[in-house]
Amino acid sequence: MTKVMTGARMVVQALKDQGVEVVFGYPGGAVLPIYDEIFQQNDIRHILVRHEQGAVHAAEGYARSTGKPGVVLVTSGPGATNAVTGITDALMDSIPLVVLTGQVPTFLIGNDAFQEADTVGITRPCTKHNWLVKETSKLAETIHQAFHVATQGRPGPVLIDIPKDVQFATGTYVPPAKARTDHYRPRVKGDRAAIERLAELMETAERPIFYTGGGVINSGTEASRLLRELVAATDFPITSTLMGLGAYPGSGKNWLGMLGMHGLYEANLAMHGCDLMIAVGARFDDRITGRVTDFSPHSIKAHIDIDPSSINKVIHADIPIVGDVTEVLRELLEVWKARGAKSNRAALPKWWAKIDGWRKVNCLNYRNSDKVIKPQYALQRLEALTRGRDRYITTEVGQHQMWAAQFLTFDDPNRWMTSGGLGTMGYGLPASIGVQIAHPEALVINVAGEASWLMNMQEMGTAMQFRAPVKQFILNNERLGMVRQWQQLLHGERYSHSWSESLPDFVKLAEAFGCKGILCSDPKDLDDAIMEMLDYDGPVIFDCLVEKHENCFPMIPSGKPHNEMLLGDASTEGAISGAGGALV
Amino acid sequence: MQALNIKKGASSHSAYDLRTPYEDVIETHTLAVLVDNESGVLARVIGLFSGRGYNIESLTVAEVDHRGHLSRITIVTRGTPQVIEQIKAQLERMVPVHEVHDLTVEGPAVQRELALFKVAGTGDHRVEALRLADIFRANVVDSTLESFVFEITGTAEKIDAFAELMRPLGLKEMARTGVAALARGA
Ligand SMILES: Cc1ncc(C[n+]2csc(CCOP(=O)(O)OP(=O)(O)O)c2C)c(N)n1
Ligand SMILES: [Mg+2]
């Protein structure tokens, strides 16, 4: 094979050499040479989306569910700007992506040429790094560097802007092994002394807790395995952020449920009352901490993270440990065992007793109905009817997302794909397609709100074209439910523009796309309807008409501390008369 | 602990209203940042400061290693100790950044800035300007019958002081390079 080739061929060759199997993209003038190369090969599969934002979210779903970087190919100008929301989403949630954008020829850059946009300028703040490649001879090496940067250290999206003349011109191909990547080498091994100090504190802690996040998932399945072993070895309780669900099994004995703004009562109170907090791959986001001055006021905090800038950003870490979660957990476990694996056996049972008291509040309790489907009930049925299946869940953003996090159980990592940091409505449908492309045999369900779902519904066309049998489970409350909830609780019930007016008939919409539509509005029919969805061999749009005014609880209003949590009507009674009265 | 009881319609303001809880001391730090001299690198560094609301008091940049394609950016910034720590961590994790040194805490450092002052005047003012320039060891790099351009090097404070003295003597314009700094010793 000759090593001299066009830039366009180099792109395809570099992707192959990086082990890429799937590219999500959309063609246009500035990437035609690359599309021409894609046409002439069969190793890389191209998934044609319907909107570039969809391509990026699909690549995110692919990446999150496989642990491999997602690859996106879009054209210049509008192609690139359409991708920006997805790229920002990936940055916030640390998803490794390599985004290739076409650009006008180098001699036209700066001329306001047709479909020119300053793509590297626009995406500089929303990528981990980006490059404008002006010479074909640098193209292959840049692509290899891009994969390195996207996947090493804290993962994130990177972008390579490739002018059209660079795609046409020829140059010498540089294979991955010859590409210089030595300069970017984030630290992966934790500081031994700090790890030993942490192990020491873990032995004496009376009220310890593991607080884990998306970093555990990003670190790979081995990190989750080590985490499970460590939790079993210590018998400490564990909670996780939205992004970290599945790292520790939701059915595990030490699991307290998700924490944060809509987290479980027991998880938030345990965080508030702990004396040793072990943060693992989590970043103390404001959805987690509430009011920072009152955040877990009496605890010593250890923080394990690969990104030094996450440490001490929001909350002071008494024991900062910079390193890859897998490496640090392995070493912590070693040290823990070498020291005799001795938790504070006298104090731990008391801590667990306290937690069990909080659990009795049953904070997810809600008033069910036999007339209207409660969204929580719908998710409980979905959970029950899909248990034991090889199941992947994506979500849109809103109340349904929080209910999905609360009511579905994730026993494995990489099974839960949601837009956490950016909170991007429109994420779930394209993400579900990306997941399904990566796992053709699996059951992939997007738990959606009707408003979010409409934001990228054009991607049903993609699902049809590529036979991705994704199930769109829409909890249709005919409201921007989460917005409505805030307006009810915090803006004097002034419901400014939080209705979903003029909704489409989702069943007819499904027919129009050529897939199956199911409507369900009666709790009695729900099980059969869900089974019908699961049994159908192809994409389904499930319009689940739910209670319109249900609120998502527990809730810590922004800026409030963890112990000022709002509970739903159903559990408030218990909180005050029962165990709630005994709490701190 | 009990559940909060929010009265219906009780709140008129948005709950997004969050204030920073840190009202700490504000410190000034001089950072030396060694970066790849590639296109966009300065925009990246400046974008970090503007995007995250950090302060830039002064910034200088030039290539210092031609063969290694390295530039040195010297940034004087202000913030709480926590913010300064964040700035350093954020700079360090940028892909083209090789090294970040906080010259304010890493031991004694020499800091110098160069400035040009145009001072116009006649008679006593002109004589006084020249006399003060001499005291400050400023050089005259241009002169006409009614104006001087002085070149002065020193710490930012020295240049500030010189500017204050020149103001009443006919200061017309001034240009400052921003601070360049190096740690003392080998
Ligand atoms: C792109 C985007 N625009 C606006 C918002 C703000 N927002 C958050 S949740 C929400 C309502 C979502 O409604 P729906 O998808 O029906 O979900 P529900 O809350 O009703 O379950 C809105 C508008 C957002 N998160 N993303
Ligand atoms: Mg809705």
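**A:Glu266**

I looked up A:Glu266 in this predicted model and found it in helix α11, residues 265–273 of chain A. Helices here are DSSP runs (H or I, at least four residues) numbered from the N terminus. A:Glu266 is buried, meaning under 20% relative accessible area with a 1.4 Å probe and protein chains only. I looked for a salt bridge (side-chain nitrogen of Lys or Arg within 4 Å of a carboxyl oxygen of Asp or Glu). A:Glu266 has none; A:Arg359, the nearest side chain of opposite charge, is 4.8 Å away. For charge, I took Lys and Arg as positive and Asp and Glu as negative, leaving out His and the chain ends. I then listed contacts (heavy atoms within 4.5 Å). Beyond its neighbours within four places in sequence, A:Glu266 touches A:Leu256, A:Ile355, A:Trp358, A:Arg359 and A:Cys363.

**Magnesium ion (ligand 2)**

I noted A:Glu450 (OE, listed twice), A:Asn477 (OD1) and A:Arg479 (O) as coordinating the magnesium ion (ligand 2), at 2.1 to 2.7 Å. Donors are N, O and S atoms within 2.8 Å of the metal (3.2 Å for Na, K and Ca); water is not among the atoms, so sites may look incomplete. The spacing along the chain is E-x26-N-x1-R. A:Asn477 and A:Arg479 are buried. The arrangement is irregular because the six donor atoms subtend angles of 51 to 173 degrees; six count as octahedral if opposite donors are over 155 degrees apart and all others between 65 and 115.

**Conventions**

Residues are numbered from 1 along each chain as its sequence is written, and chains are lettered from A and ligands numbered from 1 in the order written. Local features need pLDDT of at least 70, side-chain atom pairs count only at pLDDT 80 or more, totals for chains, interfaces and linings use all residues, and side-chain values use heavy atoms, without hydrogens and water.

Definitions and conventions. Tetrahedral: all angles 85-135°; square planar, octahedral: opposite > 155°, others 65-115°. Buried < 20%, exposed > 50% of the residue type's maximum accessible area, 1.4 Å probe, protein only. Helix = DSSP H or I, 4+ residues; strand = E, 2+ residues; numbered from the N terminus.
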